[in-house]
Amino acid sequence: MKKQIGKFTIDTSITFVTRVLQLILGVGTSIAIARVLGPQGKGIYSLAILLPSLLVTLGNFGIGQASVFYVGKKKYSPEEILANNVILSFLLSIIGFLIGLIITLFFSSTLFPGVAKVYLFLALFLIPLQLFLNFVNYVLLGLQRIKEFNLVSLFQSFMFLVLLLVFLLVFKFGVKAAIASNILSSFIGAMILFYLAKKIIGVFHLHFDIFYVKDAFRYGFKVYLGNIIQFLHFRIDILLLNFFLNPIAVGFYAVAVALAEKIWLISQSAGVVLFPRVSSETNKENLKEFTPLVSRNALLITLIGAILLFFLGHLLIILFYSEKFSASVPPFQILLIGAVAMSGWRILANDLYGRGKPELNIYISTVSVFFNIVLNILWIPKFGISGAAWATSISYTFAFVVINIVYSKVSGNPWAKVL
(Lines give C-alpha, C1' and ligand atoms only; values in the text may rest on other atoms or scores of the structure.)
Protein backbone atom coordinates (compact mmCIF):
# COMPACT_ATOMS: atom_id res chain seq x y z
CA MET A 1 0.00 0.00 0.00
CA LYS A 2 2.84 2.42 0.90
CA LYS A 3 4.53 1.75 -2.44
CA GLN A 4 1.28 2.42 -4.26
CA ILE A 5 0.73 5.65 -2.34
CA GLY A 6 4.29 6.71 -3.17
CA LYS A 7 3.87 6.12 -6.90
CA PHE A 8 0.42 7.71 -6.86
CA THR A 9 1.86 10.77 -5.11
CA ILE A 10 4.65 11.09 -7.68
CA ASP A 11 2.29 10.68 -10.63
CA THR A 12 -0.20 13.11 -9.11
CA SER A 13 2.58 15.62 -8.44
CA ILE A 14 3.75 15.41 -12.05
CA THR A 15 0.19 15.92 -13.23
CA PHE A 16 -0.34 18.77 -10.77
CA VAL A 17 2.83 20.59 -11.83
CA THR A 18 1.74 20.17 -15.45
CA ARG A 19 -1.71 21.57 -14.63
CA VAL A 20 -0.13 24.53 -12.82
CA LEU A 21 2.02 25.31 -15.84
CA GLN A 22 -1.03 24.92 -18.05
CA LEU A 23 -2.88 27.25 -15.69
CA ILE A 24 -0.21 29.90 -16.15
CA LEU A 25 -0.28 29.44 -19.92
CA GLY A 26 -4.09 29.34 -19.92
CA VAL A 27 -4.38 32.54 -17.92
CA GLY A 28 -1.92 34.18 -20.29
CA THR A 29 -4.00 33.01 -23.24
CA SER A 30 -7.23 34.21 -21.63
CA ILE A 31 -5.72 37.59 -20.79
CA ALA A 32 -4.44 38.07 -24.34
CA ILE A 33 -7.86 37.26 -25.82
CA ALA A 34 -9.75 39.41 -23.31
CA ARG A 35 -7.49 42.45 -23.55
CA VAL A 36 -7.20 42.49 -27.33
CA LEU A 37 -10.75 41.45 -28.24
CA GLY A 38 -12.63 42.96 -25.28
CA PRO A 39 -15.72 41.48 -23.54
CA GLN A 40 -17.69 41.04 -26.76
CA GLY A 41 -14.83 39.40 -28.69
CA LYS A 42 -14.09 37.17 -25.73
CA GLY A 43 -17.74 36.14 -25.62
CA ILE A 44 -17.87 35.41 -29.36
CA TYR A 45 -14.69 33.29 -29.17
CA SER A 46 -16.08 31.34 -26.19
CA LEU A 47 -19.31 30.64 -28.07
CA ALA A 48 -17.51 29.68 -31.31
CA ILE A 49 -15.31 27.02 -29.70
CA LEU A 50 -18.27 25.81 -27.67
CA LEU A 51 -19.73 24.22 -30.83
CA PRO A 52 -16.79 21.85 -31.58
CA SER A 53 -16.40 21.13 -27.87
CA LEU A 54 -20.04 20.13 -27.72
CA LEU A 55 -19.78 17.97 -30.86
CA VAL A 56 -16.63 16.24 -29.59
CA THR A 57 -18.38 15.54 -26.29
CA LEU A 58 -21.41 14.22 -28.18
CA GLY A 59 -19.32 12.25 -30.66
CA ASN A 60 -16.55 10.58 -28.65
CA PHE A 61 -18.81 7.83 -27.20
CA GLY A 62 -16.49 7.44 -24.21
CA ILE A 63 -13.90 5.57 -26.32
CA GLY A 64 -11.01 7.25 -24.50
CA GLN A 65 -12.19 6.18 -21.05
CA ALA A 66 -12.96 2.69 -22.37
CA SER A 67 -9.32 2.52 -23.51
CA VAL A 68 -8.11 3.20 -19.98
CA PHE A 69 -10.45 0.57 -18.57
CA TYR A 70 -9.45 -2.20 -21.01
CA VAL A 71 -5.74 -1.42 -20.87
CA GLY A 72 -6.00 -1.72 -17.08
CA LYS A 73 -7.94 -4.99 -17.30
CA LYS A 74 -5.46 -6.29 -19.95
CA LYS A 75 -8.27 -7.70 -22.05
CA TYR A 76 -6.77 -6.21 -25.24
CA SER A 77 -3.19 -5.32 -26.09
CA PRO A 78 -2.16 -1.65 -26.27
CA GLU A 79 -1.35 -2.15 -29.97
CA GLU A 80 -4.90 -3.28 -30.71
CA ILE A 81 -6.43 -0.45 -28.72
CA LEU A 82 -4.25 2.26 -30.32
CA ALA A 83 -4.87 1.06 -33.89
CA ASN A 84 -8.63 0.89 -33.42
CA ASN A 85 -8.77 4.24 -31.62
CA VAL A 86 -7.04 5.96 -34.54
CA ILE A 87 -9.57 4.48 -36.97
CA LEU A 88 -12.51 5.39 -34.74
CA SER A 89 -11.27 8.97 -34.31
CA PHE A 90 -11.20 9.39 -38.10
CA LEU A 91 -14.67 7.94 -38.67
CA LEU A 92 -16.33 9.85 -35.84
CA SER A 93 -14.61 13.09 -36.94
CA ILE A 94 -16.29 12.93 -40.33
CA ILE A 95 -19.71 12.54 -38.73
CA GLY A 96 -19.07 15.33 -36.22
CA PHE A 97 -17.82 17.76 -38.86
CA LEU A 98 -20.85 17.17 -41.08
CA ILE A 99 -23.25 17.73 -38.17
CA GLY A 100 -21.38 20.90 -37.24
CA LEU A 101 -21.60 22.14 -40.81
CA ILE A 102 -25.37 21.62 -40.85
CA ILE A 103 -25.73 23.49 -37.55
CA THR A 104 -23.56 26.35 -38.83
CA LEU A 105 -25.41 26.72 -42.12
CA PHE A 106 -29.00 26.35 -40.95
CA PHE A 107 -29.29 26.82 -37.18
CA SER A 108 -26.49 29.17 -36.10
CA SER A 109 -28.72 32.26 -35.92
CA THR A 110 -30.99 30.45 -33.45
CA LEU A 111 -28.42 28.58 -31.37
CA PHE A 112 -25.58 31.12 -31.53
CA PRO A 113 -27.11 34.57 -32.00
CA GLY A 114 -24.51 37.30 -32.45
CA VAL A 115 -21.79 34.89 -33.66
CA ALA A 116 -20.82 35.07 -37.36
CA LYS A 117 -20.95 31.81 -39.33
CA VAL A 118 -17.32 32.13 -40.41
CA TYR A 119 -16.17 31.77 -36.78
CA LEU A 120 -18.33 28.70 -36.22
CA PHE A 121 -17.14 27.11 -39.49
CA LEU A 122 -13.46 27.72 -38.72
CA ALA A 123 -13.84 26.25 -35.24
CA LEU A 124 -15.19 22.98 -36.73
CA PHE A 125 -11.63 22.00 -37.71
CA LEU A 126 -10.96 21.44 -34.01
CA ILE A 127 -13.22 18.36 -34.08
CA PRO A 128 -10.88 15.78 -35.72
CA LEU A 129 -7.90 17.06 -33.76
CA GLN A 130 -9.63 16.95 -30.39
CA LEU A 131 -11.02 13.46 -31.03
CA PHE A 132 -7.60 12.14 -32.06
CA LEU A 133 -5.93 13.72 -29.01
CA ASN A 134 -8.61 12.28 -26.73
CA PHE A 135 -8.55 8.72 -28.10
CA VAL A 136 -4.78 8.34 -28.35
CA ASN A 137 -3.75 10.14 -25.16
CA TYR A 138 -6.08 7.95 -23.09
CA VAL A 139 -4.11 4.91 -24.27
CA LEU A 140 -1.02 6.41 -22.63
CA LEU A 141 -3.05 7.10 -19.51
CA GLY A 142 -4.22 3.47 -19.41
CA LEU A 143 -0.57 2.41 -19.60
CA GLN A 144 0.05 4.83 -16.70
CA ARG A 145 2.64 6.71 -18.77
CA ILE A 146 1.85 9.85 -16.81
CA LYS A 147 4.90 11.85 -17.95
CA GLU A 148 4.12 11.45 -21.64
CA PHE A 149 0.40 11.96 -21.05
CA ASN A 150 1.09 15.32 -19.43
CA LEU A 151 3.87 16.38 -21.80
CA VAL A 152 1.57 16.47 -24.81
CA SER A 153 -1.06 18.59 -23.03
CA LEU A 154 1.55 21.01 -21.71
CA PHE A 155 3.26 21.50 -25.07
CA GLN A 156 -0.07 22.06 -26.76
CA SER A 157 -0.98 24.79 -24.26
CA PHE A 158 2.42 26.42 -24.76
CA MET A 159 2.05 26.44 -28.54
CA PHE A 160 -1.47 27.86 -28.25
CA LEU A 161 -0.19 30.87 -26.33
CA VAL A 162 2.79 31.42 -28.65
CA LEU A 163 0.68 31.24 -31.81
CA LEU A 164 -2.00 33.40 -30.24
CA LEU A 165 0.47 36.15 -29.40
CA VAL A 166 1.87 36.06 -32.93
CA PHE A 167 -1.49 36.08 -34.74
CA LEU A 168 -3.38 38.32 -32.34
CA LEU A 169 -0.79 40.91 -31.41
CA VAL A 170 1.46 40.95 -34.47
CA PHE A 171 -1.00 40.36 -37.31
CA LYS A 172 -4.14 41.57 -35.45
CA PHE A 173 -6.46 39.00 -37.02
CA GLY A 174 -9.08 39.30 -34.25
CA VAL A 175 -11.36 36.40 -33.30
CA LYS A 176 -10.12 34.36 -36.27
CA ALA A 177 -6.61 34.52 -34.83
CA ALA A 178 -7.72 32.99 -31.53
CA ILE A 179 -9.54 30.13 -33.27
CA ALA A 180 -6.71 29.50 -35.78
CA SER A 181 -4.16 29.40 -32.94
CA ASN A 182 -6.24 26.78 -31.17
CA ILE A 183 -6.42 24.66 -34.33
CA LEU A 184 -2.70 24.84 -35.14
CA SER A 185 -1.60 24.09 -31.58
CA SER A 186 -3.94 21.07 -31.50
CA PHE A 187 -2.46 19.81 -34.78
CA ILE A 188 1.09 20.09 -33.45
CA GLY A 189 0.04 18.34 -30.23
CA ALA A 190 -1.58 15.52 -32.21
CA MET A 191 1.58 14.90 -34.23
CA ILE A 192 3.76 14.75 -31.11
CA LEU A 193 1.27 12.48 -29.35
CA PHE A 194 1.21 10.00 -32.24
CA TYR A 195 5.01 9.89 -32.30
CA LEU A 196 5.19 9.18 -28.55
CA ALA A 197 2.45 6.55 -28.68
CA LYS A 198 4.21 4.66 -31.51
CA LYS A 199 7.52 4.86 -29.66
CA ILE A 200 6.06 3.51 -26.40
CA ILE A 201 3.85 0.78 -27.85
CA GLY A 202 6.18 -0.28 -30.64
CA VAL A 203 4.65 -1.92 -33.67
CA PHE A 204 1.70 -0.05 -35.14
CA HIS A 205 -0.55 -1.42 -37.86
CA LEU A 206 -4.02 -0.12 -38.62
CA HIS A 207 -6.52 -2.94 -38.26
CA PHE A 208 -10.15 -3.10 -37.23
CA ASP A 209 -11.02 -5.41 -34.31
CA ILE A 210 -14.79 -5.77 -34.08
CA PHE A 211 -14.61 -7.37 -30.62
CA TYR A 212 -12.67 -4.46 -29.12
CA VAL A 213 -14.94 -1.94 -30.85
CA LYS A 214 -18.04 -3.63 -29.40
CA ASP A 215 -16.57 -3.71 -25.91
CA ALA A 216 -15.30 -0.14 -26.20
CA PHE A 217 -18.74 1.12 -27.21
CA ARG A 218 -20.47 -1.02 -24.57
CA TYR A 219 -18.43 0.44 -21.70
CA GLY A 220 -17.78 3.78 -23.35
CA PHE A 221 -21.42 4.51 -24.07
CA LYS A 222 -22.15 4.63 -20.34
CA VAL A 223 -19.26 7.06 -19.84
CA TYR A 224 -20.37 8.92 -22.95
CA LEU A 225 -23.83 9.62 -21.59
CA GLY A 226 -22.29 10.81 -18.35
CA ASN A 227 -19.86 13.08 -20.22
CA ILE A 228 -22.65 14.66 -22.26
CA ILE A 229 -24.68 15.38 -19.17
CA GLN A 230 -21.62 16.64 -17.31
CA PHE A 231 -20.64 18.87 -20.24
CA LEU A 232 -24.11 20.38 -20.17
CA HIS A 233 -23.72 20.79 -16.43
CA PHE A 234 -20.49 22.72 -16.98
CA ARG A 235 -21.57 24.81 -19.98
CA ILE A 236 -25.36 25.08 -20.18
CA ASP A 237 -25.20 28.27 -18.13
CA ILE A 238 -23.16 29.95 -20.90
CA LEU A 239 -25.74 29.04 -23.55
CA LEU A 240 -28.61 30.22 -21.35
CA LEU A 241 -26.81 33.48 -20.56
CA ASN A 242 -26.42 34.21 -24.26
CA PHE A 243 -30.10 33.32 -24.81
CA PHE A 244 -31.45 35.54 -22.03
CA LEU A 245 -28.80 38.30 -22.16
CA ASN A 246 -26.01 38.79 -24.79
CA PRO A 247 -22.40 37.87 -25.74
CA ILE A 248 -21.05 40.66 -23.51
CA ALA A 249 -22.58 38.99 -20.44
CA VAL A 250 -21.08 35.71 -21.65
CA GLY A 251 -17.67 37.40 -21.85
CA PHE A 252 -17.87 38.54 -18.22
CA TYR A 253 -19.15 35.18 -17.05
CA ALA A 254 -16.59 33.20 -19.09
CA VAL A 255 -13.77 34.96 -17.23
CA ALA A 256 -15.37 34.09 -13.87
CA VAL A 257 -15.85 30.44 -14.89
CA ALA A 258 -12.34 30.08 -16.29
CA LEU A 259 -10.74 31.36 -13.09
CA ALA A 260 -13.02 29.47 -10.69
CA GLU A 261 -12.40 26.19 -12.50
CA LYS A 262 -8.65 26.59 -12.02
CA ILE A 263 -8.99 25.36 -8.43
CA TRP A 264 -9.83 21.97 -9.92
CA LEU A 265 -6.10 21.49 -10.46
CA ILE A 266 -5.72 19.15 -7.51
CA SER A 267 -8.83 17.06 -8.15
CA GLN A 268 -8.13 16.87 -11.88
CA SER A 269 -4.56 15.75 -11.25
CA ALA A 270 -5.60 13.15 -8.69
CA GLY A 271 -8.55 11.98 -10.78
CA VAL A 272 -6.40 11.47 -13.89
CA VAL A 273 -4.08 9.14 -11.96
CA LEU A 274 -6.83 7.52 -9.87
CA PHE A 275 -8.91 6.20 -12.79
CA PRO A 276 -6.28 3.82 -14.29
CA ARG A 277 -5.12 2.91 -10.78
CA VAL A 278 -8.60 1.79 -9.70
CA SER A 279 -9.14 -0.01 -13.03
CA SER A 280 -6.01 -2.12 -12.54
CA GLU A 281 -6.30 -2.63 -8.74
CA THR A 282 -6.95 -6.24 -7.67
CA ASN A 283 -6.67 -5.83 -3.89
CA LYS A 284 -10.14 -4.92 -2.54
CA GLU A 285 -8.81 -3.58 0.75
CA ASN A 286 -6.41 -1.21 -0.99
CA LEU A 287 -9.25 -0.07 -3.23
CA LYS A 288 -11.45 0.64 -0.22
CA GLU A 289 -8.83 2.70 1.61
CA PHE A 290 -7.21 4.52 -1.28
CA THR A 291 -9.97 6.72 -2.72
CA PRO A 292 -11.11 8.27 0.61
CA LEU A 293 -7.48 9.18 1.33
CA VAL A 294 -7.21 10.92 -2.03
CA SER A 295 -10.59 12.62 -1.61
CA ARG A 296 -9.86 14.06 1.85
CA ASN A 297 -6.55 15.57 0.81
CA ALA A 298 -7.86 16.94 -2.48
CA LEU A 299 -10.85 18.57 -0.79
CA LEU A 300 -8.75 20.15 1.94
CA ILE A 301 -6.22 21.71 -0.44
CA THR A 302 -8.98 22.87 -2.80
CA LEU A 303 -10.93 24.49 0.04
CA ILE A 304 -7.88 26.42 1.23
CA GLY A 305 -7.25 27.61 -2.32
CA ALA A 306 -10.87 28.70 -2.72
CA ILE A 307 -10.81 30.75 0.48
CA LEU A 308 -7.67 32.57 -0.67
CA LEU A 309 -9.10 33.24 -4.11
CA PHE A 310 -12.36 34.53 -2.65
CA PHE A 311 -10.50 37.43 -1.06
CA LEU A 312 -7.96 37.91 -3.85
CA GLY A 313 -10.41 37.49 -6.75
CA HIS A 314 -11.15 41.18 -7.28
CA LEU A 315 -7.47 42.10 -7.34
CA LEU A 316 -6.57 39.26 -9.72
CA ILE A 317 -9.36 39.96 -12.21
CA ILE A 318 -8.63 43.69 -12.34
CA LEU A 319 -4.88 43.05 -12.55
CA PHE A 320 -5.09 40.45 -15.31
CA TYR A 321 -8.17 41.51 -17.26
CA SER A 322 -8.47 45.25 -16.48
CA GLU A 323 -11.34 47.26 -14.94
CA LYS A 324 -13.54 46.36 -17.92
CA PHE A 325 -14.07 42.95 -16.33
CA SER A 326 -14.94 44.07 -12.80
CA ALA A 327 -18.44 42.63 -13.37
CA SER A 328 -16.80 39.17 -13.36
CA VAL A 329 -15.87 39.41 -9.67
CA PRO A 330 -19.25 38.58 -7.97
CA PRO A 331 -19.99 35.47 -10.10
CA PHE A 332 -16.39 34.34 -9.64
CA GLN A 333 -16.72 34.43 -5.85
CA ILE A 334 -20.04 32.59 -5.99
CA LEU A 335 -18.71 29.91 -8.36
CA LEU A 336 -15.90 29.04 -5.93
CA ILE A 337 -18.47 27.32 -3.69
CA GLY A 338 -19.54 24.95 -6.43
CA ALA A 339 -15.97 24.49 -7.65
CA VAL A 340 -14.96 23.02 -4.28
CA ALA A 341 -17.95 20.65 -4.32
CA MET A 342 -17.20 19.56 -7.88
CA SER A 343 -13.62 18.76 -6.88
CA GLY A 344 -14.94 16.13 -4.50
CA TRP A 345 -17.38 14.87 -7.13
CA ARG A 346 -14.57 14.41 -9.65
CA ILE A 347 -12.56 12.13 -7.34
CA LEU A 348 -15.49 9.85 -6.54
CA ALA A 349 -16.66 9.79 -10.17
CA ASN A 350 -13.25 8.53 -11.31
CA ASP A 351 -13.39 5.80 -8.67
CA LEU A 352 -16.78 4.64 -9.99
CA TYR A 353 -15.42 4.72 -13.56
CA GLY A 354 -12.53 2.52 -12.51
CA ARG A 355 -14.91 0.06 -10.82
CA GLY A 356 -16.81 -0.33 -14.10
CA LYS A 357 -19.89 1.50 -12.80
CA PRO A 358 -20.06 4.65 -14.96
CA GLU A 359 -23.86 4.43 -15.10
CA LEU A 360 -24.06 5.63 -11.49
CA ASN A 361 -22.46 8.93 -12.53
CA ILE A 362 -25.08 9.24 -15.28
CA TYR A 363 -28.00 9.01 -12.85
CA ILE A 364 -26.50 11.60 -10.51
CA SER A 365 -25.50 14.03 -13.26
CA THR A 366 -28.89 13.80 -14.98
CA VAL A 367 -30.75 14.96 -11.89
CA SER A 368 -28.14 17.61 -11.15
CA VAL A 369 -28.10 19.13 -14.65
CA PHE A 370 -31.90 19.29 -14.69
CA PHE A 371 -31.70 21.12 -11.36
CA ASN A 372 -29.08 23.45 -12.88
CA ILE A 373 -31.20 24.28 -15.95
CA VAL A 374 -34.31 25.05 -13.90
CA LEU A 375 -32.40 27.35 -11.55
CA ASN A 376 -30.67 29.13 -14.46
CA ILE A 377 -33.99 29.76 -16.21
CA LEU A 378 -35.47 31.15 -13.00
CA TRP A 379 -32.52 33.26 -11.88
CA ILE A 380 -30.72 34.59 -14.99
CA PRO A 381 -33.58 36.95 -16.02
CA LYS A 382 -33.82 38.21 -12.44
CA PHE A 383 -30.20 38.24 -11.20
CA GLY A 384 -28.12 38.16 -14.40
CA ILE A 385 -24.71 36.51 -14.33
CA SER A 386 -24.76 36.19 -10.54
CA GLY A 387 -27.97 34.19 -10.86
CA ALA A 388 -26.22 31.81 -13.25
CA ALA A 389 -23.33 31.47 -10.80
CA TRP A 390 -25.65 30.61 -7.89
CA ALA A 391 -27.55 28.07 -10.01
CA THR A 392 -24.29 26.37 -10.96
CA SER A 393 -22.81 26.31 -7.45
CA ILE A 394 -25.96 24.90 -5.89
CA SER A 395 -26.31 22.15 -8.50
CA TYR A 396 -22.62 21.23 -8.17
CA THR A 397 -22.99 20.94 -4.41
CA PHE A 398 -26.10 18.81 -4.81
CA ALA A 399 -24.20 16.45 -7.16
CA PHE A 400 -21.36 16.03 -4.65
CA VAL A 401 -23.70 15.20 -1.76
CA VAL A 402 -25.49 12.56 -3.81
CA ILE A 403 -22.36 10.91 -5.23
CA ASN A 404 -20.90 10.76 -1.74
CA ILE A 405 -23.91 8.74 -0.58
CA VAL A 406 -23.77 6.47 -3.64
CA TYR A 407 -20.02 5.89 -3.32
CA SER A 408 -20.43 4.99 0.35
CA LYS A 409 -22.89 2.23 -0.54
CA VAL A 410 -20.72 0.88 -3.37
CA SER A 411 -17.42 0.93 -1.47
CA GLY A 412 -18.63 0.12 2.02
CA ASN A 413 -16.98 3.25 3.39
CA PRO A 414 -18.94 5.61 5.64
CA TRP A 415 -19.67 8.91 3.88
CA ALA A 416 -17.75 10.91 6.50
CA LYS A 417 -14.56 9.03 5.61
CA VAL A 418 -14.52 10.72 2.21
CA LEU A 419 -14.66 14.15 3.86
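Leu 360, placed in helix H14 (residues 358-383), touches Leu 352, Val 406 and Val 410 when residues up to four places away in sequence are not counted. The model is a predicted one, and the points below take up the surroundings of Leu 360 and Thr 291, the aromatic pairs and one of the cavities.

**Leu 360 and Thr 291**

- Beyond the contacts of Leu 360, the C-alpha atom of this residue and that of Lys 222 are separated by 9.1 Å, although the two residues stand 138 residues apart along the chain.
- Thr 291 belongs to helix H12 (residues 284-321), and because its relative accessible area is 1%, under the 20% cut-off, Thr 291 counts as buried.
- Once neighbours within four places in sequence are left aside, the residues in contact with Thr 291 are Leu 274, Val 278, Ile 347, Leu 348, Asp 351 and Tyr 407.

**Aromatic rings**

- The count of aromatic pairs in the model comes to 20, and one of them joins Tyr 76 to Tyr 212 in an edge-to-face arrangement, with 5.3 Å from centre to centre and 80° between the planes.
- This pair links distant parts of the chain, since Tyr 76 sits in the loop between helix H2 (63-73) and helix H3 (78-106), while Tyr 212 sits in helix H9 (residues 210-244), 136 residues apart.
- Tyr 76 and Tyr 212 are both buried, and ring pairs link these two residues with Phe 69, Tyr 70 and Tyr 219 into a cluster.
- In a contact of another kind, the charged end of Arg 346 sits over the ring of Trp 264, at 4.7 Å from the centre of that ring.

**The second largest cavity**

- Three cavities of 30 Å³ or more are found when the whole structure is searched, and the second largest of these holds about 80 Å³ of space.
- The second largest cavity is lined by Phe 234, Arg 235, Asp 237, Tyr 253, Val 257, Ala 260, Glu 261, Trp 264, Leu 335, Ala 339, Thr 392 and Tyr 396, so that Trp 264, the residue whose ring lies under the charged end of Arg 346, is also part of this lining.
- At least two lining residues come from each of H9, helix H10 (247-260), helix H13 (329-354) and helix H15 (385-411).
- Sorted by class, the lining of the second largest cavity comprises eight nonpolar residues, one polar residue and three charged residues.

Note on methods: Residues are numbered from 1 along each chain as its sequence is written. This is a predicted model: local features need pLDDT of at least 70, side-chain atom pairs count only at pLDDT 80 or more; totals for chains, interfaces and linings use all residues. Side-chain values use heavy atoms; hydrogens and water are left out. Rings of Phe, Tyr and Trp (its six-membered ring) pair if their centres lie within 6.5 Å; planes under 30 degrees apart count as stacked, over 60 as edge-to-face and the rest as tilted. Helices (H or I, at least four residues) and strands (E, at least two) are DSSP runs, numbered from the N terminus. Buried means under 20% relative accessible area, exposed over 50%, partly exposed in between (1.4 Å probe, protein chains only). A charge sits over a ring if NZ of Lys or CZ of Arg is within 6 Å of the ring centre and within 35 degrees of the ring normal. Contact means heavy atoms within 4.5 Å. On a 1 Å grid over the protein atoms alone, a cavity is a set of points where a 1.4 Å probe fits but cannot get out, and a pocket is an open set with protein on both sides within 12 Å along at least five of seven lines; lining residues have an atom within 4 Å of a point. Grid points are joined across faces, edges and corners, and a volume is the space filled by probe spheres set on the points. Ala, Val, Leu, Ile, Met, Phe, Trp, Tyr, Cys and Pro count as nonpolar, Asp, Glu, Lys and Arg as charged, and the others, Gly among them, as polar.
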